[in-house]
Amino acid sequence: MKRAFLLASAAGLALAGFSAADTAPSSAAPAVLANVKAGEATRMVYELEAKAYVLFIPATGRAHFDVEMRPDTYSIKSRVKVTGIADWFVNYDMHLQASGYTR
């Protein structure tokens, strides 16, 4: 009985979590990418602050993404950090950096 219930629960979760990606090719490149291909360097900065509650304790976080795109190269720098009271319990501060060449 327990095994049947476990299998039914796992199948339900698997079906509920199923998603399909749109793999159709885009008809036109966005204007930003078209400008980069034309030789214009582009820099984008994206900042985000989020707030959620775990029981009654606010869990806040901050993210910063800096993207530089050139016709032949790209560079991405990001930082994600937990802030507020949650930072007392979770010391989460992530720095990521990537760069490379494009074709």
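Strands here are DSSP runs of E that hold at least two residues, numbered from the N terminus. By that rule, Pro58 belongs to strand β2. The model is a predicted one. Pro58 is a useful place to start, and the rest of the fold can be reached from its strand.

First, the overall plan. The protein has 3 helices and 4 strands. Along the sequence they follow the pattern α-α-β-β-β-α-β. The chain holds 103 residues, and buried ones make up 11% of them. The protein exposes about 8900 Å². Carbon and sulfur atoms supply 62% of that area. Contacts also reach along the chain. Take those between residues at least 6 apart in sequence: 33% of them join residues at least 24 apart.

Back to Pro58. Is this residue buried, exposed or partly exposed? Its relative accessible area is 22%, so Pro58 counts as partly exposed. The cut-off for buried is under 20%. Setting aside residues up to four places away in sequence, Pro58 touches Lys51, Ala52, Tyr53, Ile85 and Ala86. Two of these names, Lys51 and Tyr53, can be found on the chain before Pro58. Thr83 is 25 residues from Pro58 along the chain, yet their C-alpha atoms are separated by 9.6 Å.

Now follow the strands. β1 and β2 run antiparallel, and 13 bridges join them. β1 covers residues 42-54, and β2 covers residues 57-69. Together they form a hairpin with 2 residues between the strands. Leu55 sits in that turn and has a positive phi of about 60°. Individual pairs can be picked out along this hairpin. Leu48 has Ala63 in β2 as its bridge partner. Glu47 is partnered by His64, again in β2.

The next step is from β2 to β3. These strands also run antiparallel, with 10 bridges between them. They too form a hairpin, this time with 3 residues between the strands. Within it, Asp66 has Lys77 of β3 as its bridge partner. β2 is thus bridged to β1 and also to β3.

Go to the start of β1. Thr42 is found in this strand. Its relative accessibility is 17%, so Thr42 counts as buried. What does Thr42 contact beyond its neighbours within four places in sequence? The partners are Val32, Val36, Val67, Glu68 and Met69. Val36 falls within the range of α2, residues 31-37. Val67, Glu68 and Met69 fall within the range of β2, residues 57-69.

Ala41 lies in the loop between α2 and β1. Here the picture changes. Ala41 has 52% relative accessibility and therefore counts as exposed. Leaving out residues up to four places away in sequence, Ala41 touches Met69 and Arg70. Met69 is also a contact of Thr42. Tyr74 is 33 residues from Ala41 along the chain, and the two C-alpha atoms are separated by 9.6 Å.

At the other end of the protein's strand list is β4, residues 93-101, which contains Tyr101. Is Tyr101 buried or exposed? With 73% relative accessibility, Tyr101 counts as exposed. Tyr101 still has contacts beyond its neighbours within four places in sequence: Asp72, Thr73 and Tyr74. Arg70 is 31 residues from Tyr101 in sequence but 9.2 Å away in space, C-alpha to C-alpha.

Several of these names return in the pocket. Rolling a probe the size of a water molecule over the atoms shows where empty space is left. The largest pocket has a volume of about 160 Å³. Which residues line the largest pocket? The lining consists of Leu33, Val36, Lys37, Met69, Arg70, Pro71, Thr73, Tyr74, Thr102 and Arg103. α2 and β3 (73-83) each supply at least two of these residues. The largest share, 3 residues, comes from α2. By class, the lining has 5 nonpolar, 2 polar and 3 charged residues.

The lining links back to the earlier stops. Val36 and Met69 line the pocket, and both are in contact with Thr42. Arg70 is in the lining too, and Ala41 touches Arg70. Thr73 and Tyr74 complete the set of links, since both are in contact with Tyr101.

Definitions and conventions. Residues are numbered from 1 along each chain as its sequence is written. This is a predicted model: local features need pLDDT of at least 70, side-chain atom pairs count only at pLDDT 80 or more; totals for chains, interfaces and linings use all residues. Side-chain values use heavy atoms; hydrogens and water are left out. Buried means under 20% relative accessible area, exposed over 50%, partly exposed in between (1.4 Å probe, protein chains only). Contact means heavy atoms within 4.5 Å. On a 1 Å grid over the protein atoms alone, a cavity is a set of points where a 1.4 Å probe fits but cannot get out, and a pocket is an open set with protein on both sides within 12 Å along at least five of seven lines; lining residues have an atom within 4 Å of a point. Grid points are joined across faces, edges and corners, and a volume is the space filled by probe spheres set on the points. Ala, Val, Leu, Ile, Met, Phe, Trp, Tyr, Cys and Pro count as nonpolar, Asp, Glu, Lys and Arg as charged, and the others, Gly among them, as polar. Accessible areas come from the Shrake-Rupley method with a 1.4 Å probe; for residues, only the protein chains shown count as cover. Two strands pair if DSSP finds at least two bridges between them.
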